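Let's take a walk through a protein together, one stop at a time. Keep the picture open and look for each spot as we get to it.

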Amino acid sequence: MQTAQTQEEFKLEDLKTLEPIIKNILSYNKDFPFDVQPVPIRKILAPGEEENLDFEEEDEGGAGVGSPDLFTTRVPGTLLPRLPSEPGMALLTIKIEKIGLKDAGQCIDPYVTVSVKDINGVDLTPVQDTPVATRKEDMYVHFAVDVEIQKHIEKLPKGAAIFFEFKHYKPKKRFTSTKCFAFMEMDEIKAGQIVIELYKKPTDFKRKKLHLLTKKPLYLHLHQTLHKE
């Protein structure tokens, strides 16, 4: 005696109606429970491109003073491993410790783009992005991340510089913008701690039109380690 089939089969049309809902669930990065909705696409602008957009100036208020605020979103970054050593040549590891900003507490998903440029602003090594900062506390955004410079120091041409662009996400405009930048020239490459000045955007890779970000004693804090056989 055969038992009648009581369960209905899914049709192709039914599955297609579920497709956008499943995609939204997979793309929405929040803990359960959450609303089923898409995440806005973030646009990352080229250096200086945001200067051509019509948007409000950075909010001068709010220094982010208070208890430590951990960033829950983690972006993996594009950091590269250290190059193989060569006899008689030095490699440089730069630890980005922290950056001082009067509105540090307002920065969303901040990270640093590191590049090595010649005197004409041409890339000498691959550009690297750090992961999103580990925490923000008072007037500082903390990174504590090592960046391996992808060229032996002796092979860098005269006039080269290492650039650090501080970037953050602007939810109202839905893009990632450069807030400020700093750079380190070849005569500043020395083992140990170093603090360097911050400059207003757009990033000037040729270092001809530089304007300090603030008169306050706020800097990019780095630690350099030289590796030489």
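## A walk through the strands

Our starting point is histidine 142, which sits in strand E7. What we're looking at is a predicted model, by the way. Is histidine 142 buried or exposed? With a relative accessible area of 15%, histidine 142 is buried, because buried means anything under 20%. So who does histidine 142 touch, once we set aside its neighbours within four places in sequence? Its contacts are Glu97, Lys98, Ala133, Thr134, Arg135 and Glu137.

Lys98 has another partner worth finding. Lysine 98 lies over the face of tyrosine 140, at 4.3 Å from the ring centre.

Stay in strand E7 and find alanine 144. Here the backbone does something to note: phi of alanine 144 is near 50 degrees, which is a positive value in a residue other than glycine. Unlike buried histidine 142, alanine 144 counts as exposed, because its relative accessibility is 53% and the cut-off for exposed is over 50%.

Time to zoom out. The secondary structure of the protein comes to 1 helix and 12 strands. Read from the N terminus, the order begins with α, and β follows from there on. Of the protein's 229 residues, 37% count as buried. The protein exposes about 14,200 Å², and carbon and sulfur atoms supply 55% of that area. Now think about contacts between residues at least 6 apart in sequence: 72% of them join residues at least 24 apart.

Next come the rings. To describe a pair of aromatic rings, you give the distance of the centres and the angle of the planes. How many aromatic pairs does a search of the whole structure find? The search turns up 6. One of them is formed by phenylalanine 143 and phenylalanine 166, with 6.3 Å centre to centre and 85 degrees between the planes. That pair is edge-to-face, because the planes are over 60 degrees apart. Phenylalanine 143 belongs to strand E7 (residues 140-148) and phenylalanine 166 to strand E8 (residues 161-170), so this pair ties together parts that are 23 residues apart in sequence. Both ends of the pair are tucked away: phenylalanine 143 counts as buried at 3% relative accessibility, and phenylalanine 166 counts as buried at 1%.

Phenylalanine 183 and tyrosine 199 make another aromatic pair, and this one is stacked, with 5.5 Å centre to centre and 15 degrees between the planes. Where do the two rings sit? Phenylalanine 183 is in strand E9 (residues 175-185) and tyrosine 199 is in strand E11 (residues 199-200), 16 residues apart, and the pair links distant parts of the chain. Phenylalanine 183 and tyrosine 199 are both buried. They also belong to a bigger picture, since ring pairs link Phe163, Phe181, Phe183, Tyr199 and Phe205 into a cluster. Phenylalanine 205 has a charged visitor as well: lysine 117 lies over the face of its ring, at 4.1 Å from the ring centre.

Some of these rings turn up again around an empty space. The count comes to 1 cavity of 30 Å³ or more, and the largest cavity has a volume of about 30 Å³. Which residues line the largest cavity? They are Ile99, Val112, Phe164, Phe166, Phe181, Ala182, Leu198 and Leu220. The elements that give two or more residues to this lining are E8 and E9.

Our last stop is the loop between E11 and E12, where you can find proline 202. The peptide bond from lysine 201 to proline 202 is cis, with omega near 0 degrees. Further along in this loop is arginine 207. Arginine 207 is not a glycine, yet it has a positive phi of about 60 degrees. Arginine 207 counts as buried, at 17% relative accessibility.

Lysine 216 is found in the loop too, ahead of strand E12 (220-228). With a relative accessible area of 44%, lysine 216 is partly exposed. Now look for leucine 101: lysine 216 and leucine 101 are 115 residues apart in sequence, and 9.1 Å apart in space, C-alpha to C-alpha.

Conventions
Residues are numbered from 1 along each chain as its sequence is written. This is a predicted model: local features need pLDDT of at least 70, side-chain atom pairs count only at pLDDT 80 or more; totals for chains, interfaces and linings use all residues. Side-chain values use heavy atoms; hydrogens and water are left out. Rings of Phe, Tyr and Trp (its six-membered ring) pair if their centres lie within 6.5 Å; planes under 30 degrees apart count as stacked, over 60 as edge-to-face and the rest as tilted. Helices (H or I, at least four residues) and strands (E, at least two) are DSSP runs, numbered from the N terminus. Buried means under 20% relative accessible area, exposed over 50%, partly exposed in between (1.4 Å probe, protein chains only). A charge sits over a ring if NZ of Lys or CZ of Arg is within 6 Å of the ring centre and within 35 degrees of the ring normal. Contact means heavy atoms within 4.5 Å. Accessible areas come from the Shrake-Rupley method with a 1.4 Å probe; for residues, only the protein chains shown count as cover. On a 1 Å grid over the protein atoms alone, a cavity is a set of points where a 1.4 Å probe fits but cannot get out, and a pocket is an open set with protein on both sides within 12 Å along at least five of seven lines; lining residues have an atom within 4 Å of a point. Grid points are joined across faces, edges and corners, and a volume is the space filled by probe spheres set on the points.
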